[in-house]
Structures are given as structure tokens and as C-alpha cells.
Amino acid sequence: MLARHHDPIAAIATAPGRGAVGIVRVSGLGLAPFVQALLGRALRPREAHYLPFPDAQGQPIDRGLALWFPAPHSYTGEDVLELQAHGGPVVLQLLLARCLEAAPSTLARLRLAEPGEFTERAFLNDKIDLAQAEAIADLIDASTEAAARSAGRSLSGDFSSEIQGLRDALVHLRMLVEATLDFPEEEIDFLRKADARGQLSKLQQTLAAVMQRASQGALLREGIKVVIAGQPNAGKSSLLNALAGAELAIVTPIAGTTRDKVQQTIQIEGVPLHVIDTAGLRESSDEVERIGIARAWDEIAAADAVLFLHDLTRQDAPDYAAADADIARALAQRLPAGVPVIDVWNKTDAAAPAPDRAGVRLSARTGEGLDALRRQLLHIAGWQSAAEGIYIARARHIEALRAVDAHLMEAAAQLESTGPALDLLAEELRLAQNALGAITGEFTSDDLLGVIFSSFCIGK
Ligand SMILES: Nc1nc2c(ncn2[C@@H]2O[C@H](COP(=O)(O)OP(=O)(O)OP(=O)(O)O)[C@@H](O)[C@H]2O)c(=O)[nH]1
Ligand SMILES: [Mg+2]
């Protein structure tokens, strides 16, 4: 552990601004003398004490509840003191400053906590593993109920225990292979009798199931970016407003209304979709509009899916159709492979019924066809169902699981070859275990830990 992990730390744990209650939290080893110096008395563990919080002259800054959690029975695993005061920013700053100055000289220097540092200590002191620590941040950041629920499941260890299960099976297999390495004469027979192949394929099946659930969890956390593109006046801003259920973007009959992008996160079955309305695509001599169109293309290039909006009332006009064809060609050129483009035919309410075209027909004005579009978006996002039991996961976890999968495939290829190279097999299994360990933090570099915890809020 680095030296900074031994300093006692303090922070305001509640959100900035005014609130009924605000909390200052202190964590460190051997905090009892600090509590005595700060409050003039000792506290009974895990009991609420209502008392004054005095300043250096003994005048109360506020009165409130003090809670004392001696190590190891605390959030961080160290001694923790929590002061619940009135939630005004000045009161809390005064309390925090008082904590910093009250620390007796016997105590290592008490300093302000960095973002996520309390949770980092909980991780370093084995209170939680890394996936659980990440779930805490994900729970705080959850933008939908489904994301919050699945973060809760990860926090209570559902994801971690699946990873541990995989790890145990992997360790078992590794023991078998490593034991065989020591007795090379009987090697192949030995592995065959112990059904190493069967064990490995069972492991692969379990991994596939975990990956499936984790990727659903990652979807709940990250969502997908959907860009609405098309000619001016096709109804892009109207569609954004209809999906969001609010008048976010300006709608007018004037072509070229939208200049800058307008973004809104909506949720469908709890999956966050970051929908972006863009400037209508056309040749323009207007400087502002040209910049808007360049931004539209930037957004399109970074999209997970594009809604290519067409105006049914104009589709038979040759100029209109030609411009749409130009846009279609440009989309095909500029979009990375695999990014889906959904053709959306808008203004069904105002157009004569036309022969079926591929894509979705809708009216942003009446809402007809919107549900079909929502279903299509969920399908494209890869959402399976609102199934119970999904745990939240991050892109980092999915990458690690993919690495495990790749190593297990290599291992399987070795086992199946006529003269398996046992040392290579053993190595692939070892690498698979390392990749799994990166999820729970068993094998994780300090750099990565720094990146993960620094994205937390201060005081957590
Ligand atoms: N009848 C009908 N009119 C629509 C519908 N959707 C949009 N409109 C009208 O079409 C016109 C243009 O709508 P916008 O949403 O501003 O179109 P846009 O694609 O954002 O246009 P730009 O921002 O200029 O690129 C407005 O007059 C809307 O009221 C629809 O479903 N039916
Ligand atoms: Mg617009």
C-alpha cells in the first residue's frame, strides 16, 4: 500500500448545496484521541449521540448527531467518525476545517480525502472487491431505476460471486493441468480421465452466460448514442421532442431551424438512450449553418445507431429524393462498419398511404408509430428483456470477460489437438485467471485503481 493510504482523511460526504442534513466523515486508524480532542468526550460505538460540535474556542458551530464506528466494523474498515449537522455549505465547511485543525499531533496528518478515497480504503481493507466498489459509484450515478437496481445487485455481490465461481472452476482445472505437467508420461490419459475437456467446456458455458448478463448490465449503465439525421424540415427536432415527451428543440417550418446539436437522454424499459438532434444536412452558404452541419457529421461518426429521417410528404419530389440518396451515400461512407441506420418515414398523418418501405413509419406529430421505433431501438441496442437478475457491469468488465473467453478458446484448441502442448495450455489458463482477477481487483495495477476511484464523488 502506498503511504497516502495510511493518512487519516476527512471530507464532506453529502452533495454540495443546501439540505436538511449534511455529513462530515473522517476515516483513519487510531482516531479515538481525535474524537476526544474534537468533541471533548469519547463516544460509544455505533450509537447516535446528540451533542454540540464546538469550534476551537468551545463555541458550538452546530448541534447534531455523532456516530462512531471503530475499526474494523466501518465502511472503510478503519475507525470512522460521522458528524451529521445541518446541511448548509458554510456550516459543513466550518466543521470540516475544525476537524482538520483539531487532529492532535499524535495523529498522522489529517487531510482532505480525494474523490472515492473512502471507498478505495474499503477495497484495500477487503470490505468489498473492486467490482462492488465500482457498483457503488454506478448506484450513485444510475440514471434509470433498472440501472439502480442492477447496481444494487452488483454491490451486494451477485456479479462478484459469479466471477468467484468461474475462478474456482478455473483454479480446479489449472491444478489438474499443472499436476499433469509434473508427470509427463501419463499426461494425456490423466487429463482425459479427469475429463479436462468437459470441465473446460462447462467453464466456457458458464462464462458465456455471465458475459450475456454483464453485457446487459453494461448497456443499462452506458446506454447507446442515437443520432437523428436527415434533410432540413424532415421533422428531426419534432421526433426528439416526441421521444422525450417535452419541447426541447425548436420546431418551425423554416428549413435550417436547428443549428447546434440538442441532446436528451430518454429511457426505454430502463435502458438509457442518448438521443441527439442535429442540423438538417444540405449544402449551405450560411456560416453558422455550415458549422452546425459539420457538427452533425461529427455526431453521426460517433453514433451507435443513426435514425435517418425522411419526409413522406416530399419523398416524390425529384430534388428531395436525390438529396436523400446523397445523404445515404455519405452515411455509408462515413459510418464505421456495423453501425445500424434505421430509415424513419415521418409525417404519416399528412401523407397519402404509400407502398411499404423498409424501416419505420411514424408521425412525430401524432405519436403514431413511435412505439415501433422504440422497440426497434431496444433491439438494436441488444436489449434482451427486462429480465430480473441483471447486475451492472462496465466496459472494463466486458473487456476482461472477452479476454478470459479468448484464453479459454486457446486452451480448448490445445486440449483438442493431437499432441497438446501442456505448458501452453497451463499458460492460457493462468492468463484467463488473471483476466478474471482484474474484475474483482485481485490483479489490478495501481494506475487503474487511480482511474477508477478518481471518478467517484468526494466523500464517498
Ligand atoms: N404533419 C406533420 N408535420 C410534421 C411532423 N413532424 C414535423 N412536422 C413539421 O415539419 C416542420 C419541420 O419540423 P422540425 O422538427 O423543425 O424539422 P427538422 O428536421 O428538425 O428541421 P431542421 O432543424 O430545419 O433541420 C415543422 O413545421 C413541423 O411541425 C409530422 O409528423 N407531421
Ligand atoms: Mg431541427
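**View 1. The shell around ligand 1 in this predicted model.** The residues that form the shell around ligand 1 comprise eight nonpolar, 12 polar and four charged ones. In total, 24 residues surround the ligand. The closest of them are Lys236, Ser238, Gly256, Thr257 and Asp349. Helix α9, which spans residues 236–244, makes the greatest contribution to this shell, supplying three residues.

**View 2. Side chains that approach oxygen atoms of ligand 1.** An N or O atom in the side chain of lysine 236 is 2.7 Å from an oxygen atom of the ligand. For arginine 365, a polar side-chain atom lies 2.9 Å from an oxygen atom of ligand 1. In the case of asparagine 346, a distance of 3.2 Å separates an N or O atom of the side chain from a ligand oxygen atom. The protein buries 92% of the 650 Å² that ligand 1 exposes when taken alone.

**View 3. The pocket that holds ligand 1.** The site occupied by ligand 1 is the largest pocket.

**View 4. A salt bridge between arginine 121 and glutamate 78.** The closest N and O atoms of this pair are 3.2 Å apart. The salt bridge links distant parts of the chain, the two residues being 43 residues apart. Arginine 121 belongs to helix α3 (residues 117–124), whereas glutamate 78 lies in the loop between β4 (60–69) and β5 (79–87). The count of salt bridges in the model comes to 29.

Notes: Residues are numbered from 1 along each chain as its sequence is written. Chains are lettered from A and ligands numbered from 1 in the order in which they are written. This is a predicted model: local features need pLDDT of at least 70, side-chain atom pairs count only at pLDDT 80 or more; totals for chains, interfaces and linings use all residues. Side-chain values use heavy atoms; hydrogens and water are left out. A residue is near a molecule or strand if one of its heavy atoms lies within 4 Å of it. A polar contact is a pair of N or O atoms within 3.5 Å; within protein, one must be able to donate a hydrogen and the other to accept it, and residues adjacent in sequence count only if both atoms are side-chain atoms. Accessible areas come from the Shrake-Rupley method with a 1.4 Å probe; for residues, only the protein chains shown count as cover. On a 1 Å grid over the protein atoms alone, a cavity is a set of points where a 1.4 Å probe fits but cannot get out, and a pocket is an open set with protein on both sides within 12 Å along at least five of seven lines; lining residues have an atom within 4 Å of a point. A molecule sits in a cavity or pocket if more than half of its atoms lie within 2 Å of its grid points. Helices (H or I, at least four residues) and strands (E, at least two) are DSSP runs, numbered from the N terminus. Ala, Val, Leu, Ile, Met, Phe, Trp, Tyr, Cys and Pro count as nonpolar, Asp, Glu, Lys and Arg as charged, and the others, Gly among them, as polar. A salt bridge is a side-chain nitrogen of Lys or Arg within 4 Å of a carboxyl oxygen of Asp or Glu.
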